[in-house]
Amino acid sequence: MPSIFDDIKAVLTGLKVTFNSFIQEPVTEQYPWTYPNLPPNSRGVLRMIDFHDEKTIANKSIWYAGTRWAPCTTNCPAHTDARAYMTLAAEGKYREGLELLRRTYPFVGTLGRICPAPCEKSCSRAYASQSPCAIRNTKRYFADWELRQPEKERFDYQAYVCQTPLNGKSVGVIGAGPAGYQSAMVLRLLGFEVFMYEAKDLPGGFLTNAIPNYRLPRAIVNAEMERIHSLPGIHLQLNCEIGKDLSWEELEKRHQDIIIAAGAWKPYRLNLEHEDKPWVWYGEDFLEQQLRGQLKTKPQKVVVVGGGNTGFDCARTCRRLGAEVTMIYRRTRKEMPSEDEEIKEGQEEGVKLEWLTSPQKIVMENGRLKGLEVLRNKLGAKDSSGRRKPVPIAGSEELLECDLIITALGRCVELPWLPEDVKTNRNGTVVIDGKGQTSRAHVWACGDVVKVSTVVAALGGADRVALSIADQYGTDIKNCQFLYPYEKEKVIPYADGSLPAADAPAIKRRQGLGLAPTPPEHSSVFAMPALEKRLRCRPFRDNAKQNKMMTHPADVRIQDFSEVSSGFTEKQVQAEGLRCFGCAAEMCVGCGVCVSACPDACIYLDSAKSSNGRQYPASYAIDLTKCCFCGICTEACPTKSLTMSGNFELSMYDKRDAYMDKQRLNLSLVRSEKQAIGEKKSGIAPAKQQAEPKH
């Protein structure tokens, strides 16, 4: 029976939830009214801005360019236009897709192999069917395709990056990792001379010093770096450690601005006795020594502590060296930070996983390592990270015998040469503002020194810093259309490079201002029995599954460090491109996300195939007798084409057999604009468009 304390806690919790709900913005879609006097219980009706049909589905790569960002682009830290190159892949336009990617960043082939693909986690295809579009593998195909072309037909970085003359200003970049190379490319594109200072004898940061060859062949990443640091106006100096080989004062004398992109190389420790012995390695150090061929002995039995990608890199590397590997993690697989693909392939290769297990003691015998004593856990309450905290089980100690222990617990930042007035956090990361500037004038930071994260996140941070440096000198960023803007508007430039103004039609539609002045005539072709049989109908059913890239069998993979996967075939990449809905256009693409989101199961959607085999939303209807006008479908819609309008009559009167079918839902705003554009290009006087109602 609950105590008085539990009752009080429950009341306080309820008050907290109520207060949080009160101060938050409303969840439902807000829309303007077209009529001044409305009944208090009027909720409005659903409207669709436009639909794709058999004709418009034929060429997805030119769908109404420049209206908004697709969810995959929004979720990418570097804001890669995945929607564009996915549809270009479907149409076999590999050169156009390659140019789009190469203009965005130099590491196309690299990211196509090692990126955790946050874009895929927001892909609408994953919500509408069994799996997202294979965006990362498609990206790799473009880089692999380029390698098969003659040298003179490959993307010319010198013609692109060096098109702007040097403006007399230079920027010093500390660190030649992904963030350093990205900032160098963008700054040189904008006319700045760039000097990269790297403490190690190899550039690339973790790309070349910590990621195994079976995931990222060195020939791929080395070639992509060479194409940037060999450009006129970009200089690379290796074996140059700040504070030792070059002082901070000298650095500031040389350059107008400085970018700190030195990475995070200090590993977190186990804080156990004997951790400093030669048979205990930190993950990044172990991988670097193996890559350089400097491991003196091959381990026989290894215990890897940690559950991230670095831990699996170490474990799978040891399997290729012939060792038995046990990997321990203090929580369950559900909480493991590593990618599912890494876990699956690691298990296939013979890595033994021990979940709910924590290191307790490094056990020595006769001056040698005997093994790692571990303690079993159970999951308790959630901690500050939102994950359930592992609680040790008393008396569950166990010895895992081994001759090598590798720890992969994460990394923090250590910059002893950093000026005192540059503010840092407790873990050593540098504090920056929204533009990437530190607390010291003309000193910027990006990459892992700001937040230990992924390669693609480092590229996104470098973009922001480079554009901010250029902006302070009034530099025109017209050559960086693919990067702009990083503000919250989430709109992209039009095809001619201009940006949508505040009152542009695309912006109006995004804010829900496009309304039909009067409800259309009832013209439903649907019958109640037919709709009832198609509850929660899924479109594009024959494209539900993602195309899988071929990988070598596990028993073959562990024989050497050859690349695990062989890449997409042309047939596969085109099939995967066809799975992309093209969510960047503000029109219904038939993804079916609204069908899944509707709590009343009143949305009906089906698809048909065009003459060339491509599918499009052929039928669409909403049963108003079931619809409660909650607006959840409009919030879930990835294209923002489904909106709530102020035409309240259909929701108030004669709801018997009231269906909003495709014809009645369609506002035809986009279609009329496209028609006017076509008439303008052909020299025909544009037809007079229907004026929008005043709000």
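Student: Leaving aside its neighbours within four places in sequence, which residues is G175 in contact with?

Tutor: In this predicted model, G175 is in contact with G180, Y197, E198, A261 and A262. A contact here needs heavy atoms within 4.5 Å. G175 itself sits in the loop between β2 and α10 (178-189).

Student: Why is G175 called buried?

Tutor: Buried means under 20% relative accessible area. G175 has 7% relative accessibility, so the label buried applies. You can also place G175 against K200: the two are 25 residues apart in sequence, and their C-alpha atoms are 9.1 Å apart in space.

Student: What makes A470 buried?

Tutor: A470 has a relative accessible area of 0%, so A470 counts as buried. This residue belongs to helix α17 (residues 455-472). Apart from neighbours within four places in sequence, its contacts are L190, F192 and T475. For L190, the C-alpha separation from A470 is 7.1 Å, although their positions lie 280 residues apart along the chain.

Student: How do you know that C628 is in no disulfide?

Tutor: A disulfide needs a pair of cysteine sulfur atoms within 2.5 Å, and by this rule the count is zero. For C628, the nearest cysteine sulfur is that of C630, 4.0 Å away. For C637, the nearest is that of C591, at 6.2 Å. Neither C628 nor C637 is in a disulfide.

Student: Why is C628 called partly exposed, and what makes C637 buried?

Tutor: Partly exposed lies between the 20% and 50% limits. C628 is at 37% relative accessibility, so it counts as partly exposed. C637 has a relative accessible area of 9%, so it is buried.

Student: How do you know that the buried residues of α12 are on the same side?

Tutor: Start with the list: R218, I220, V221, E224, M225, I228 and H229 are the buried residues of α12. They cover an arc of only 165 degrees around the axis, and therefore they sit on the same side of α12. As for the helix itself, α12 (residues 218-229) has 12 residues and reaches 16 Å from its first C-alpha to its last, close to the 16 Å expected at 1.5 Å a residue.

Student: Why are the buried residues of α21 said to line one face of the helix?

Tutor: In α21 (residues 570-578), Q572, V573, E576 and G577 are buried. Looking down the axis of α21, these buried residues fall within an arc of 135 degrees, so they line one face. The elements that cover them include α3 (82-90), α4 (94-104) and α8 (135-147).

Student: Which way do the residues of strand β5 point?

Tutor: In β5 (residues 257-260), D257 and I259 point one way and I258 and I260 the other way, and all are buried. In a regular strand the side chains alternate between the two faces of the sheet.

Student: What makes β2 and β5 a pair?

Tutor: Pairing requires at least two bridges, and strand β2 (residues 170-174) is joined to β5 by four, in the parallel sense. One of the positions is I174, whose bridge partner in β5 is I260. Strand β17 (residues 443-445) also runs parallel to β5, with three bridges. There, I259 stands opposite W444.

Student: Why is the pair of F51 and Y620 called edge-to-face?

Tutor: The whole structure holds 12 aromatic pairs. The F51 and Y620 rings are 5.8 Å apart, centre to centre, with 70 degrees between the planes. Planes over 60 degrees apart count as edge-to-face, so the name fits this pair. F51 is in the loop between β1 (45-48) and α2 (71-75), while Y620 is in strand β19 (residues 615-623), 569 residues apart. Both F51 and Y620 are buried.

Student: What makes the pair of W248 and W417 stacked?

Tutor: Their ring centres are 6.1 Å apart and their planes are at 20 degrees, so the pair is stacked; the limit for that is under 30 degrees. W248 lies in helix α13 (residues 248-254) and W417 in the loop between β16 (411-412) and β17, so the pair ties together parts 169 residues apart in sequence. W248 is buried at 6% relative accessible area, and W417 is buried at 16% relative accessibility.

Student: Which residues do ring pairs link into a cluster?

Tutor: The cluster is made of Y85, Y94, Y141, F142 and W145.

Methods: Residues numbered from 1 in each chain as written. Predicted model: local features only at pLDDT ≥ 70, side-chain atom pairs only at ≥ 80, totals over all residues. Heavy atoms only, no water. Buried < 20%, exposed > 50% of the residue type's maximum accessible area, 1.4 Å probe, protein only. Helix = DSSP H or I, 4+ residues; strand = E, 2+ residues; numbered from the N terminus. Expected span 1.5 Å × (residues − 1). Arc of directions from axis to C-beta. Phe/Tyr/Trp six-rings, centres within 6.5 Å; stacked < 30°, edge-to-face > 60°.
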